[in-house]
Every structure is written in C-alpha cells, then in structure tokens.
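Hello,

Here is the structure you asked about. Please open it next to this email and follow along.

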There are 2 protein chains.
Amino acid sequence: MNTTVIDSVAVGAQADLVLELGRRARAASRLLMKAPDSAKSAALRFMAQELEQSKEALQAENAKDLEAARRNNLEPSLVDRLTLSDKALATMATGLRQIADMPDPVGSQSSSIVRPNGMRVGQMRVPLGVIGIIYESRPNVTIDAAALCLKSGNATILRGGSEAFHSNQALGRIIRAGLQAANLPQDAVQVVSTTDRAVVGHLVTLTDYIDVIIPRGGKGLIQRLAAEAKVPLLKHLDGNCHVYIDSSANLDKAHDITLNAKTYRYGICGTMETLLVHADVAPTILPRLAASFDARGVELRGCERTCALLPQARRATDEDWATEYLGPVLAVRIVDDIEQAMDHIARWSSGHTESIITESLEAATRFQREVDSSSVYVNLPTCFADGFEYGLGAEIGISTNRLHARGPVGLEGLTTYKWVLTGDGQLRG
Amino acid sequence: MNTTVIDSVAVGAQADLVLELGRRARAASRLLMKAPDSAKSAALRFMAQELEQSKEALQAENAKDLEAARRNNLEPSLVDRLTLSDKALATMATGLRQIADMPDPVGSQSSSIVRPNGMRVGQMRVPLGVIGIIYESRPNVTIDAAALCLKSGNATILRGGSEAFHSNQALGRIIRAGLQAANLPQDAVQVVSTTDRAVVGHLVTLTDYIDVIIPRGGKGLIQRLAAEAKVPLLKHLDGNCHVYIDSSANLDKAHDITLNAKTYRYGICGTMETLLVHADVAPTILPRLAASFDARGVELRGCERTCALLPQARRATDEDWATEYLGPVLAVRIVDDIEQAMDHIARWSSGHTESIITESLEAATRFQREVDSSSVYVNLPTCFADGFEYGLGAEIGISTNRLHARGPVGLEGLTTYKWVLTGDGQLRG
C-alpha cells in the first residue's frame, strides 16, 4: 500500500467519523428541540455539582495536558488558560448555574397580529438546530459553549484544541453524565475524541447536519475556516475600536472614558485602538491624556498634528490606523469635525465598537445613526463590548457578521424563529 | 494568442467588472445608509411615474427580448413571464408606490433597557449593506427587488437572465433616473450590463463588497450558486408542504382547507404536496376529498391503506413523499396519530410550511411547538405562505435558511441591527 492510499483511507475514516457525529447530533437535536426547560436546567445543575465533586479526577486529567504543554514549551499565558485551577472550576460551576437560572428562549412568542381575514400571525423562537464549536486551548469553552447551546435547545459538536485534549474529554464525560441524569439524549453534546485536523475540514462542510459553526480563536484560525466553510459561520474577526472626543465633550469624562477604554484590559476585542480628537479640544485634552497614558506605559503613535502637541508620540502610519494592537499602544489622530472622525472610522474600523464623547445631542444622534459598527456608544468606553455588560446574562461570543446575530451574542442569538399562524378555516383566493 | 489565453483574459475582464460593481455599490451603500425616507420614497414614486410615461419605449425594448425568445422557442409560460404588458407595467408601478408608502425600517429602535450602572442598551435597525440579486427571466424582479432593497437602505447589484437583457437594461435606466431625481447615488442600484455567465461566479465570491446574495429561480440554479458561494445566500430551496388532518378535525373545514391548499395554485412553493390523514377520520374524509380532487383533475398517490379506500389512487413510493410536484398530483398517507404525522414531516418535509387541521387545543399546541418548519399553521391552507398574506406589505422572497430571516422575507429581513448604548461616563472594572 503506498502513501497516497493510506492518506485517502485516513481522510475517509475522518469523514465517516464526522458524518456519524453529524447524524447523531441531528437526531439528538430533534429531541432537544422539544425538551422542557426543567430538564435542560436540571442537566446544567447536575454538571455544576459534578464539576465540584470530580475536581480531583478532572485536575488529574488536566495535569496530563499541562505536562505536555510544558514539554512543548507552550507560552505561559496559554498554560495559564489551560489550567483547571480550583478557581477556574468554581467559575465554570457558577456559570452553569447562572445559565440554568436564565429564562428558556425556546417557545417564546413575539407579539402577534390579526390579519383582516381573522388569522393570527406571530413568531415563535426555536433552536438553530446543530451547532459546531471549533476552539483553541481553553477548556472552559467546553463547558460554557455546551451549556449555552443546551439551554437554547441546540445539539452541539465540540472540537477543542489538541493541547486541552485530556481536559476536554474529562469535561465531556461530566456533560454526558448531566444529560443522562436529566433524561436528555446523550448525543446532545458530543466532544470530538480525536485531534486529527482533518476533522475540522469535514465539520465546516457538513451542511446537511450542522446548521452553524461558531469558531473561537485568533483571526488566523477564523479566516482559514471561513475560506473552507460551506456551513454558515457565526464569527468574530477583529476589534479595531475607536473613541472620538467631540468639541462639545466634557473633558473630565473624556479623560476617564478614554483611559478606561484603553487600559481596562489590553487584550480584549473592545479595547480602543485609535483615539480621534476634535482639533478644538486637542490642545487641552491630549497633553493631559498623554500624561496618564505615559504613567501606565501606553505608547502613543500620532498624526502630524498630534505629534506637534505630544513630543513623546511617534508618527503613525496607515498601518497603525489599521492595527488591532491588543497591547499598550494607541494611535491618535486629530480631526477637524465629526464628519472627518466618521470618515476615518468608515475607512479603518473593523466595525466592532466605536464611541463618541459629547454633550451635544445632535452629535450623539448623528454618530449613533451614521456609524456602521455592531455597537455604537455615547459617553462610554468601548471596553463595555460584552454580553454580560449588555444584560444578555451570558455570551457565546461577539459576532462581526452582519447577518443573523451582530455584536455580543447571548441565548437569543443561538435561536431562530418560525412563523406560527392560527386560523379557523380561512381560505386563500 | 491561443484559446487558453483568450479565456483567461475574458475571465480577468469579468472579475474586474464585478470588482468595480462591488466598489461602486459599497460607496453608494455608505451614502444610502443615511438617506432619509423622504428621498428613498421620492425615488420610488418617480420610478412609478416613469414606468407609466415610458411605456412605449419599454415595450419596444421588451419586444427585442420577446422576439429572441420566440426565435429560441422559449416555453410559452416563460414568454408570458417575460412580457411587459400594460397590465404587468401597471402592477409594477403600483408595487413601487406601495413600497414607497411603507414605513422605513431603518433607524427604528427596539425597546431598550437600563443597566444597573445607568447605561441604556438598545438596538437600532440598519441596512444589511450591499445585496446581490441573481434571477432568471422575469423582468418585474428588477423593479421589485430594487425597490425593496432601496427602501431598506441597501445598495443592489442586479443580475437578471439573458432572456430579459434588453428589458432589464431599460428598467435599469428608469431606476437610475429615479435615483437621480431624488439626489440619491446613481450606483445605489446597478443592473449588470453583460450576460456573461462568469459574472455570477465572481458575484457570489465577492465577500468584501457584497453582504448577502438573494438568488431567485429554480432549485437547480440555487444549489449551483450555493456550491460556489462565499457570500452568504438568503435562499429558497423547495416547498414540500404537508397538511395533517387530525382525528379531532372539523371535516367540513378539513375538506375546504385541503382542497384550497392543493388547488389555489399548483406552481407556488406553499402548495400542499402530501396530505396526512388520521386513520379514524380517513374513511369519512378521504372519499369525499378524492371526489373533489378528481373533479379538478388532481392525481392521487397513496400509501397502502389509502389505496384500499380509494381505488383511483396509485401506490406512492418514497420518491412521492420526497417530491415537490408543483402540479396536479398529491401524495396521501394515513397515519395512526399526530406523532406519526410529525415523524413523517420530520423525515420528508423540506421545512417550508405545514398545517394541522384540528379542533383540539392540545394537538394544535403540540404541532405548532414541535414541527420544525419555517411556518406552522393551525386550520389554514399551506398556500397562505406569502409575505403579503402575513402582513409584511411586500416580499423579497421566502427563505428556507435557518439563520437570519426565515419564511417570508419583507423589508425587516433586508436589515440587520446595531447595538446602541448611551451613558454618562460610566466606566468598566
């Protein structure tokens, strides 16, 4: 047998495995769609309890992944994310109970209308069906994503990173135990039991059995998946977010909001990456802000006018306007008016989150109406971009798609609707 | 120069053409997003007037397509659809004025909430952006689709069938005149000016410039596009629709609804293709229905039990359960209970529209809750599946997707939302 034949056998085996995962998920999905909330919530509470009671066993499996990580010289930040510490497990258990307590989105109906012929037309929330989750090394995603999908009545296929293989398999056993305890189909959540990368390619093309795939990870992974995918992706690309300080801004608020927008956390997608400042207030606010940023070690890169005001700033290039630094660097540009600020945003923003600092109703209204990003704020730091902060109760991620769900996605974003019409023998024609 | 080189030059030229269409559409979209409803509606009313005033010129262009159609022996039904008769033009003008009169979906805000920190969180409807429409020979789609997309603030690229080339170009000139009269960007609606098929392949992969593509046409066209597309498709595949007559049905209603569901029009996607009948009422209702169907020339194909009751019925095969006849043929199956009816639907339905005929609240509730189709009715014929009937005022099509818009899609389905948050200096952390 030559190499080519061996390869095709291997590929065929993975394709069959994924097809079987898909078939099982679809069958489970049909049952899960009609499952009452009491069963779904009981399963989640059972999993929370199991997480606490099986702590040692989980950590023993996790230790295998940690050992391999150290052997492979994984970055300390990745090892940190991989670790199922007591605190990480407690957070996961709390999350499960919070999701269990949330109202079930499935079956809820919008306000309905009655048509002239007397038939009633409404919409009912229903699960999306089967959701695939493809993610990198964080094992907590296994629990969080499974819980959100289960609560919203979706069957899930979870494909985590190979670095977390043993941890994910152990968490998968806890999830299955919870499903079983609540008499829900075992295949409602399937954790893929191989680290073969061919699996991912099959998952993203299994259109008959998977309704949507949610990739979690870096932009590189997501772009790669998008290039291959036939199944729709609910995806997050990047967050090149802007704050614009208008001429009418209250400068104390502007200072605090801007500082918070950059320094709350450097690595999250809602962090401000470019600051736009109206020319009228730049001479007052920029030196004050620069001092605060200097004190926190944030490097400034500015347009020509900014550099004239701030000797410490390096000249920004087009690449700076385009960059999501995810670190202690900030691009700064002085603009002549709100129009120029919005033009800059239209040109360079990734469409994630932008904010205007202003006391002018006209400027606030115009900015919120005309800026075409998934979140547009007035007098708030962009780092609020988060499902919990928006009151969604939980978040599967932040979508940079335009279709279906946009911005932070909670339980409702994991559902779709069907039209429900009720009549009494009305006929058409 | 050999053939290969000529081909690659041609392909390159079409790719450049489509890229330029995309760039212009994106630029127009940015302006159209902020256009007031008064301008969009004025453009539509101007187009309606122009359709009426340029009737002769339009019909002269249409005559060229009709002549070619006759030369190419196009089917009479297709020639009929292609014809811009006085009546067809009047219907298009009326449609334009109706869309102009509808409320603008853009800028409307949902109910908002106030978070514990005092910031207000809401959602605002915004256009999808740039919409591509790929359709077959009907020139009225050029006007209808352009009008719906314009009203909802989207830029459009229209690629109609080559059979309607001259008609579509003439309609495109009327659309541009309307845009110009209302001071809207000329590129807000672009009618592709070539019939080269390579254009379609480029359109469905132009992800940077086109946000969604709505294909209108037969299942074959749409499956072909779906296989190639990287841009999301808002698509309609097929309508294999079911009516289930429950044991508790009022049999007079059941007779009339079932007859209407099949015979209102054979060729529309909401037409019933399979009738499911509870065994308790089958001996009463089926012979009565069969007489009515016979009188209308509808051929029946039944399960074994159906054939025992109805000697005129031919035996149905699995292919019958799977088929959207779009003609005077009906598959009939007797079932033992609602469970078996729903199992049949889960197995064979295309997920379009299903209806239960029942006087039982329990059966009605269960059917509407558990049947996973985009429209689920009680005591109504499936042929009501239509945006106008649902009160949407207009319809761009019926979606068989699960994501974004499902079932009949009106203006709201052509929009998405953005989160709008308003605060007063709240900080995170």
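Copies are superposed by least squares on the C-alpha atoms of residues with pLDDT of at least 70 in both. The model is a predicted one.

First, the two chains. Chain B falls on chain A after a rotation of 180°, with 0.0 Å of shift along the axis and an RMSD of 0.0 Å. The two copies are therefore related as by a two-fold rotation axis. Which residue of chain B comes closest to that axis? It is His404(B), with its C-alpha at 1.9 Å. Both copies use the same surface: 100% of the contact residues of chain B recur in chain A.

Next, the layout of chain A. Domain 1 takes in 13–235 + 410–418. Domain 2 covers 241–384. Their C-alpha centres lie 36 Å apart.

Now the sheet. It is open and has 4 strands, in the order β5-β4-β3-β6 of chain A. The pairing is parallel. At the edges stand β5 (189–191) and β6 (212–216) of chain A. Each has a single partner strand, so one side of each is left without a neighbour in the sheet. From one strand to the next, the twist averages 15°.

Look at one pair of strands in detail. Strand β3 (residues 130–135) of chain A pairs with β6(A) over 5 bridges, in the parallel sense. Within this pair, Ile133(A) has Ile214(A) as its bridge partner.

Last, a helix. Helix α6 (residues 140–151) of chain A packs on the sheet. It touches β3, β4 (155–159), β5 and β6 of chain A. The direction of helix α6 makes about 165° with that of β4(A).

Best wishes

Notes:
Residues are numbered from 1 along each chain as its sequence is written. Chains are lettered from A and ligands numbered from 1 in the order in which they are written. This is a predicted model: local features need pLDDT of at least 70, side-chain atom pairs count only at pLDDT 80 or more; totals for chains, interfaces and linings use all residues. Domain bounds come from an automatic or database domain assignment. Two strands pair if DSSP finds at least two bridges between them. Helices (H or I, at least four residues) and strands (E, at least two) are DSSP runs, numbered from the N terminus. Axes are lines fitted to C-alpha atoms, for helices over the stretch in contact, and angles run from 0 to 180 degrees between N-to-C directions. Two residues are in contact if their C-beta atoms, placed from the backbone, lie within 7 Å.
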